[in-house]
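Hi there,

Here is the structure I promised to send over. Have a look at it first, and then read on for my notes.

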Amino acid sequence: MRVVRFASREWIEAVVKALNAQPDLARALDGLGRDAALVVEADRPAFPRTVAVHGAHDGARIARWRILDDEDEVLELEPAYVLRAPYRVWRGLLMGGDPVQAALSGRVRVQGDLEALVRRAGYRHVVEAALRAVPTELP
């Protein structure tokens, strides 16, 4: 697989494909709301514009996703979860940072049932394996 730029359409597509290939994904999703938005906030000069993505699962896999034209669409969609942080925080997580600590400390701002997400911390290997499967170019 070729290296793809973080938060690009190609990168998101590759991560979703890798997530859907994880055998524990359905168990990780069990009991969570059906959709989520992730917002990577602009962090100049490395990451000059905000990228927002909305995705939904069907209980077993990520069934659909799209890059939002404007991050304000998140408000209109009213997803079950919104995870929002500046690029530098997402970069730290991609480089091995602890996502639970990032959420509990407020570096990643979470809207939705944080307790349900923390209860699923034992499934973080699902996301970690998917991210490791996608060679990523970080700005």
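How many of the seven residues of strand 2 are buried? Five of them are, so strand 2 is mostly covered, given that buried means under 20% relative accessible area. Before going further, please keep in mind that this is a predicted model.

**The sheet**

Strand 2 belongs to an open sheet of five strands, arranged in the order 4-3-2-5-6 with mixed pairing. At the edges sit strand 4 (62–67) and strand 6 (109–111), each of which pairs on one side only. On average, neighbouring strands in this sheet are turned by 15 degrees against each other, ignoring direction.

The pairings of strand 2 show where the mixture comes in. With strand 3, strand 2 pairs in the antiparallel sense over six bridges, and Ala-36 has Gly-55 in strand 3 as its bridge partner. With strand 5, strand 2 pairs in the parallel sense, again over six bridges; here Val-39 is matched with Arg-84 in strand 5. Strand 5 (residues 81–86) is in turn joined to strand 6 by three bridges, and these two strands run antiparallel. Arg-84 appears there too, with Arg-109 in strand 6 as its bridge partner.

**Helices on the sheet**

Helix 1 (residues 9–20) lies across strand 3 (51–57) and strand 4, and runs at about 170 degrees to strand 4. A quick check on the geometry of helix 1: at 1.5 Å a residue, its 12 residues should span 16 Å, and the end C-alpha atoms are 17 Å apart, which agrees. Helix 4 (residues 87–94) also packs on the sheet, where it touches strand 2 (35–41) and strand 5. The direction of helix 4 makes about 100 degrees with that of strand 5.

**The nonpolar cores**

In soluble globular proteins, nonpolar side chains tend to be buried together. In this model, the largest nonpolar core has 29 residues, and those with the most contacts inside it are Phe-6, Trp-11, Phe-47, Trp-90, Val-108 and Val-134. Two or more residues each come from helix 1, helix 2 (25–29), strand 3, strand 4, helix 4 and helix 7 (124–132). Helix 1 gives the largest share, seven residues. Buried residues in helix 1 are Trp-11, Ile-12, Ala-14, Val-15, Val-16, Ala-18 and Leu-19.

Phe-6 is a good residue to click on. Leaving out residues up to four places away in sequence, the residues that Phe-6 touches include Trp-11, Phe-47, Trp-90 and Leu-138. There is also a second, separate core of six residues, with Ala-37, Ala-52, Leu-68 and Val-82 among them.

**Salt bridges**

The structure holds 11 salt bridges. One of them pairs Arg-109 with Glu-41, whose closest N and O atoms are 2.2 Å apart. This pair links distant parts of the chain, since Arg-109 is in strand 6 and Glu-41 is in strand 2, 68 residues apart. Are the two partners buried or exposed, or something in between? Glu-41 has a relative accessible area of 17% and is therefore buried, whereas Arg-109, at 37%, counts as partly exposed. Both residues also belong to a network of salt bridges that links Glu-41, Glu-71, Arg-84 and Arg-109.

Two more salt bridges may interest you:

- Glu-73 and Arg-66 have their closest N and O atoms 3.0 Å apart. Glu-73 counts as buried at 16% relative accessibility, and Arg-66 as partly exposed at 35%.
- Asp-58 and Arg-61 meet through their side chains at 3.5 Å, N to O. Asp-58 is partly exposed, with a relative accessible area of 40%, and the value for Arg-61 is 40%, also partly exposed.

**The start of the chain**

Last, a look at Arg-2, which is found in the segment before strand 1 (4–5). With a relative accessible area of 58%, Arg-2 is exposed. Which residues does Arg-2 contact beyond its neighbours within four places in sequence? They are Glu-10 and Pro-135. The C-alpha atoms of Arg-2 and Val-134 are separated by 8.4 Å, although the two residues are 132 residues apart along the chain.

Happy browsing, and best wishes!

Note on methods
Residues numbered from 1 in each chain as written. Predicted model: local features only at pLDDT ≥ 70, side-chain atom pairs only at ≥ 80, totals over all residues. Heavy atoms only, no water. Pairing = 2+ DSSP bridges. Helix = DSSP H or I, 4+ residues; strand = E, 2+ residues; numbered from the N terminus. Axes fitted to C-alpha atoms, helices over the stretch in contact; angles between N-to-C directions. Contact = heavy atoms within 4.5 Å. Buried < 20%, exposed > 50% of the residue type's maximum accessible area, 1.4 Å probe, protein only. Core = buried A, V, L, I, M, F, W, Y, C linked by side-chain atoms within 4.5 Å. Expected span 1.5 Å × (residues − 1). Salt bridge = Lys/Arg side-chain N within 4 Å of Asp/Glu carboxyl O.
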